[in-house]
Amino acid sequence: MLKAKVLLVGPSECGKTVLANFLSDATETIGGEYNPTQGVRFESCWPAMMKDSHGVVIVFNPDLPSHLKELEVWYSSFVHQQRLQDNQCLLLAHHKPGSGGDKGRLMLAPSLTKLRLAHSNLDEEPEDVRMEFLKFLEGVINSMSENRDREEMSIIT
């Protein structure tokens, strides 16, 4: 059985914890008050977090222009520097409750346009979010399996 390490990263207050709890079927609910996740906001921790990762979900709030500007930094740090393939990355535009959830065309940097982009709105389409994540995870597992097969073939030959 393959085990995948998938990171959920992105700017502050974009919904990473809410999405992680939803995708993991956590029963804890988060009230209306923002409570920042402790200990992971410091770049000095990033190398330890990235070690042996197989995939990255970059979460952002598409309604905040500052989040769109930060996407390239997250991609560069967590995907490009780790030499992950683009199919091992998912951009998740997380629409917060009451934001309207406009799924219009986002102005992404050229390096990000080849990545899979999904929109999430847990109030309106929670199962669509889960299905997008499962499709992404299936791709990550397939990449891991292909890499393992290549390694085994290189040992044999």
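The following paragraphs describe the fold, the central sheet, the packing of the helices and selected local features of a predicted model.

The secondary structure of the protein consists of four helices and four strands. Read from the N terminus, these elements follow the order β-α-α-β-α-β-β-α. Of the 157 residues of the protein, 36% are classed as buried. Among contacts with a separation of 6 or more, 76% join residues that lie 24 or more positions apart. The protein exposes about 9,800 Å², and 53% of this area is supplied by carbon and sulfur atoms.

The four strands are arranged in an open sheet with the order S1-S2-S3-S4, and their pairing is parallel. Strand S1 (6-9) and strand S4 (116-120) form the edges, each pairing on one side only. From one strand to the next, the twist averages 20 degrees. In general, the strands of a sheet pair through backbone hydrogen bonds, in either a parallel or an antiparallel arrangement. Strand S2 (residues 55-60) pairs with strand S3 (residues 89-94) in the parallel sense, over five bridges. Within this pairing, valine 57 has leucine 90 of S3 as its bridge partner, and valine 59 has leucine 92 of S3.

Strand S3 is largely enclosed by the rest of the structure, because six of its six residues are buried. Side chains in a regular strand alternate between the two faces of the sheet. In S3, Cys89, Leu91 and Ala93 point one way, while Leu90, Leu92 and His94 point the other way, and all are buried. The bridge partners of valine 57 and valine 59, leucine 90 and leucine 92, thus belong to the set that includes His94.

Two helices were examined for their packing against the sheet. Helix H1 (residues 16-23) lies across S1, S2, S3 and S4 and runs at about 145 degrees to S1. Helix H4 (residues 126-156) also packs on the sheet, where it touches S1, S2, S3 and S4, and its direction makes about 155 degrees with that of S4. For the 31 residues of H4, a rise of 1.5 Å a residue gives an expected span of 45 Å, which agrees with the 45 Å between its end C-alpha atoms.

The buried residues of H4 are Val129, Arg130, Glu132, Phe133, Phe136, Val140, Ser143, Met144 and Ser145. An α-helix has 3.6 residues a turn, so residues three or four places apart point the same way. The buried residues of H4 pack against S1, H1, S2, S3 and S4. The axes of H1 and H4 are 11 Å apart, and the two helices pack at an angle of about 85 degrees. H1 and H4 are therefore roughly perpendicular to each other. On the H1 side, the contact is made by Leu19, Phe22 and Leu23, and on the H4 side by Pro126, Glu127, Val129, Arg130 and Phe133. Of these H4 residues, Val129, Arg130 and Phe133 are among those that are buried.

Two loop residues have positive phi values. Most residues other than glycine have a negative phi. Glutamate 13, which is not a glycine, has a positive phi near 60 degrees. Glutamate 13 is placed in the loop between S1 and H1 and is partly exposed, with a relative accessible area of 42%. Aspartate 52, likewise not a glycine, has a positive phi of about 60 degrees. Aspartate 52 is found in the loop between helix H2 (46-50) and S2, and at 56% relative accessibility this residue counts as exposed.

A further local feature concerns serine 77, which is located in helix H3 (residues 65-80). Serine 77 is buried, with a relative accessible area of 11%. Leaving aside neighbours within four places in sequence, serine 77 is in contact with Trp46, Met50 and Gln82. Of these partners, Trp46 and Met50 fall in helix H2 (46-50). Between serine 77 and glutamate 43, which are 34 residues apart in sequence, the distance in space is 9.6 Å from C-alpha to C-alpha.

How values were computed. Residues numbered from 1 in each chain as written. Predicted model: local features only at pLDDT ≥ 70, side-chain atom pairs only at ≥ 80, totals over all residues. Heavy atoms only, no water. Pairing = 2+ DSSP bridges. Axes fitted to C-alpha atoms, helices over the stretch in contact; angles between N-to-C directions. Contact = heavy atoms within 4.5 Å. Buried < 20%, exposed > 50% of the residue type's maximum accessible area, 1.4 Å probe, protein only. Areas by Shrake-Rupley, 256 points an atom, 1.4 Å probe, with all protein chains shown as cover. Expected span 1.5 Å × (residues − 1). Parallel < 35°, antiparallel > 145°, perpendicular 65-115°, else oblique.
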